[in-house]
Amino acid sequence: MKVSRKRKGNAEIPTASTGDIAFLLIIFFMATTKFDVKEGIKLVLPKASDSESNTVSVTLTEKEMTRMQILGDGSLAINTLPARRYENSELEALIKAKQELNPKMLFKVITDREAKYSDMVNVLDRLKSLKVENISLSTN
Amino acid sequence: MAKFQARKRDVTIPQASTSDIAFLLLLFFMVTTVFVQEKRFWVERDRWPVAENIERIPRNLTTTIYVMVDGTILIDDLPSRIETEEDRVVYTTLEKKKAENPDLNVCFRTDRDTKYGIMSDVMRQLQDANTLVVTFETQTKASGGKK
């Protein structure tokens with residue numbers, strides 16, 4: 001009797017789609033990757049005053065400096081104006097007017113110890129929104 | 001005279017190595033990805049103040065100080081308080097960090113209802129340590145922040 005030998009089948013794993021799979025994985029990683037950055041209001045504090053250093057005290061007039069004092073109840077006293085609460089748009093208009101008066105105007109933010117931190121951040125946010133560069137934050 | 005006909009060449013771009021390239025790219029992304037895991041959020045994001053004009057700072061230049069509403073200050077997850085002039089934890093820690101990284105940026109994660117006096121005490125110690133660049137971390141309105 002004649003026994004026919006079984007023909008061997010081709011045992012291959014199809015690899016044509018590996019490239020597609022890899023690219024899909026790359027796209028997935030790229031789409032889900034979130035760059036880890038911190039977001040906030042950046043500020044440079046003034047150097048600590050040292051009695052031995054050659055610090056010179058300068059008196060600034062109202063044309064050169066705007067004093068913004070945040071009180072414990074959230075109200076704001078600007079220069080000699082009586083303290084009151086300001087709407088954001090109102091405060092921005094006031095800062096803009098001061099800037100037009102003197103583009104290099106220094107804004108000194110003084111916050112009472114009892115005032116809320118968020119009130120101080122809000123004032124800084126308004127100043128930053130108008131691209132004010134000369135901001136001084138009082139730490140006394 | 002015999003007529004010569006130029007044989008047309010097959011113009012194909014070899015694609016056999018695309019999967020290798022793709023896998024190399026994939027490996028690169030996988031190897032360079034760093035998972036940042038905070039041990040604990042001492043002040044949750046929804047308690048941060050809201051601001052619109054924010055800046056983005058790369059994390060590798062920063063160190064985080066948490067200031068809780070009760071006045072507890074956390075640097076490297078170690079709690080401390082500033083009650084007297086002798087409490088100089090912020091100064092001593094930041095002075096060391098500043099020596100290691102001169103471009104250090106101190107990020108505050110402070111509860112929005114914290115009294116400014118505590119922040120003022122912390123910032124005075126930062127000034128003494130000559131760590132002058134600070135960032136007040138905020139959330140945006142878009143991220144669900146409420147004034």
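**Exercise 1. Determine which residues of helix α2 of chain A are buried in this predicted model, and work out how they are arranged around the helix.**

Step 1. Taking buried to mean under 20% relative accessible area, one finds that A:L91, A:I95, A:K98 and A:Q99 meet the criterion in α2(A).

Step 2. An α-helix has 3.6 residues a turn, so residues three or four places apart point the same way.

Step 3. Viewed down the axis of α2(A), the buried residues lie within an arc of 100 degrees, and therefore they line one face of the helix.

Step 4. On the face turned away from that buried side, α2(A) carries the exposed residues A:S89, A:E100 and A:L101, where exposed stands for over 50% relative accessible area.

**Exercise 2. Establish what the buried residues of α2(A) pack against, and compare the span of the helix with the expected one.**

Step 1. The partners of these buried residues belong to chain A and comprise the strands β2 (65-70), β3 (76-78) and β4 (106-111), together with the helix α3 (117-129).

Step 2. Helix α2 of chain A covers residues 88-101, which is 14 residues.

Step 3. From its first C-alpha to its last the helix reaches 20 Å, close to the 20 Å expected at 1.5 Å a residue.

**Exercise 3. Describe the secondary structure and the burial of chain A, and then do the same for chain B.**

Step 1. Chain A contains three helices and five strands, which follow one another along the sequence as α-β-β-β-α-β-α-β.

Step 2. In chain B there are three helices and six strands, and from the N terminus on their order is α-β-β-β-β-α-β-α-β.

Step 3. Buried residues make up 35% of the 140 residues of chain A, while in chain B 38% of the 147 residues count as buried.

Step 4. Chain A exposes about 10,000 Å², of which carbon and sulfur atoms supply 54%; for chain B the exposed area is about 9,700 Å², with 55% of it from carbon and sulfur atoms.

**Exercise 4. Assess the overall dimensions of chain B against those of a compact globule, and consider its contacts along the sequence.**

Step 1. For a compact globule of 147 residues the radius of gyration would be near 15 Å, but chain B has 27 Å.

Step 2. Along the principal axes, the C-alpha atoms of chain B fill a box of roughly 110 × 40 × 25 Å.

Step 3. Of the contacts in chain B between residues at least 6 apart in sequence, 73% join residues at least 24 apart.

Notes
Residues are numbered from 1 along each chain as its sequence is written. Chains are lettered from A and ligands numbered from 1 in the order in which they are written. This is a predicted model: local features need pLDDT of at least 70, side-chain atom pairs count only at pLDDT 80 or more; totals for chains, interfaces and linings use all residues. Side-chain values use heavy atoms; hydrogens and water are left out. Helices (H or I, at least four residues) and strands (E, at least two) are DSSP runs, numbered from the N terminus. The expected span of a helix is 1.5 Å times one less than its number of residues. Buried means under 20% relative accessible area, exposed over 50%, partly exposed in between (1.4 Å probe, protein chains only). The arc is that of the directions from the helix axis to the C-beta atoms. Contact means heavy atoms within 4.5 Å. The radius of gyration is taken over C-alpha atoms; the globule rule is 2.2 Å times the number of residues to the power 0.38. Accessible areas come from the Shrake-Rupley method with a 1.4 Å probe; for residues, only the protein chains shown count as cover.
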